[in-house]
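Reader: I have a structure open and would like to go through it step by step. Could you help me read it?

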Amino acid sequence: MCGFMVNISFDNLSKAKVDEISGSIYKRGPDEKGHITYTTSSGRKVDMIHTRLEILGIGDNGSQPMQNENYILVFNGEIYNYKDLLSTLGLNYEDSGDTKLLLDHITKFGIKHTLKVIKGIYSFVVLDKIEQKLYLYRDCFGTKPLYIYKQDNIFTVGSNVKSISLANNDSSI
C-alpha cells in the first residue's frame with residue numbers, strides 16, 4: 001500500500017505544505033516519501049507527492065515519483081504479472097519492482113497497450129511531459145483508491161481525501 005497526491009495549479013506547494021500532505025498519507029506508505037514539482041509549458045505547477053510501502057523494488061529502485069525523459073509516475077498497487085512482462089522490455093530489472101516496469105512499459109509500448117497487458121490492483125497517475133497531459137488509471141474493480149477534486153484553476157487527485165483537503169486548504173472536502 002502506498003499513498004500519493006497530485007496537485008495542478010499556478011502556484012507550487014510550499015515545503016511545509018508538502019510535508020503536511022506527506023504526513024497525511026504516511027500511514028499508507030511509511031518506508032519512504034518523495035516529491036517532484038514539474039512546470040508545464042502553460043506555467044502550471046504539477047506537484048506529485050508519494051509515500052511508499054516497500055514490497056517490490058526495495059531501496060531506491062522503487063522510489064517515487066519515478067520519472068524518465070517522457071513521463072512522471074506515481075503508483076499505488078501491485079502488478080501481478082510484472083515478472084512475465086519483464087521479457088518484453090529486454091532489460092535487467094534485478095530488484096527494480098513493478099513501478100519501474102510500469103514506467104518503462106508505458107514508455108516503450110504506450111499507455112493503451114500497457115493497460116491491456118497489466119494484471120493487478122492499482123491506481124496510478126502519469127504525467128506525459130511531451131504531450132503535457134495527465135492520465136489517471138485504476139484497475140477495473142476500483143480496488144485502490146483514486147479521489148478527484150476540481151475547482152476553478154486547481155485540479156487535485158489523491159489516494160485519500162485528507163491529502164486533497166490539505167492541498168486546497170479546504171477542510172470541507
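Author: We will go from the whole chain to its strands, its cores and two loop residues. This is a predicted model, in which local features need pLDDT of at least 70 and side-chain atom pairs count only at pLDDT 80 or more, while totals for chains, interfaces and linings use all residues. Residues are numbered from 1 along each chain as its sequence is written, and side-chain values use heavy atoms, with hydrogens and water left out.

Reader: Okay, how many helices and strands are there in the protein chain?

Author: The protein chain has five helices and nine strands, where helices (H or I, at least four residues) and strands (E, at least two) are DSSP runs numbered from the N terminus. Along the sequence they come in the pattern β-α-β-β-β-β-α-α-α-β-β-β-β-α.

Reader: And what share of the residues is buried?

Author: Of the 173 residues in the protein chain, 49% are buried, and buried means under 20% relative accessible area, exposed over 50%, and partly exposed in between, with a 1.4 Å probe and protein chains only.

Reader: Which strands make up the open sheet?

Author: Four strands form it, in the order β4-β5-β6-β7, with antiparallel pairing; two strands pair if DSSP finds at least two bridges between them. Because β4 (66-67) and β7 stand at the edges with a single partner strand each, one side of each is left without a neighbour in the sheet.

Reader: How many bridges join β6 and β7?

Author: There are six bridges between β6 and β7, in the antiparallel sense, and D128 stands opposite K133 in β7. Helix α3 packs on the sheet and touches β4, β5 and β6, its direction making about 130° with that of β5; contact means heavy atoms within 4.5 Å, and such angles run from 0 to 180 degrees between N-to-C directions, with axes fitted to C-alpha atoms, for helices over the stretch in contact.

Reader: New topic: which residues have the most contacts inside the largest nonpolar core?

Author: They are L73, F75, L102, I106, I118, F124 and V126, in a core of 19 residues. A nonpolar core is a set of buried Ala, Val, Leu, Ile, Met, Phe, Trp, Tyr and Cys residues joined through side-chain atoms within 4.5 Å. At least two residues of this core come from each of β5 (71-79), α2 (82-86), α3 (97-109) and β6.

Reader: What does V126 touch?

Author: Leaving aside residues up to four places away in sequence, V126 touches Y71, I72, L73, I106, I111, K133, L134 and Y135. Apart from that core lies another, of 13 residues, including F4, V46, L127 and V157.

Reader: Is β1 buried or exposed?

Author: Strand β1 (residues 3-9) is mostly covered, with seven of its seven residues buried. Both of its faces are covered, with G3, M5, N7 and S9 buried on one side and F4, V6 and I8 on the other. β1 pairs with β9 in the antiparallel sense over four bridges, and the bridge partner of I8 in β9 is F155.

Reader: Last one, what is phi near for Q132 and for D152?

Author: Most residues other than glycine have a negative phi. Phi of Q132 is positive, near 60°, and Q132 lies in the loop between β6 (120-128) and β7 (133-138), where Q132 is partly exposed at 30% relative accessibility. Phi of D152 is also positive, near 50°; D152 is in the loop between β8 (147-151) and β9 (154-158), and D152 is exposed, with a relative accessible area of 64%.
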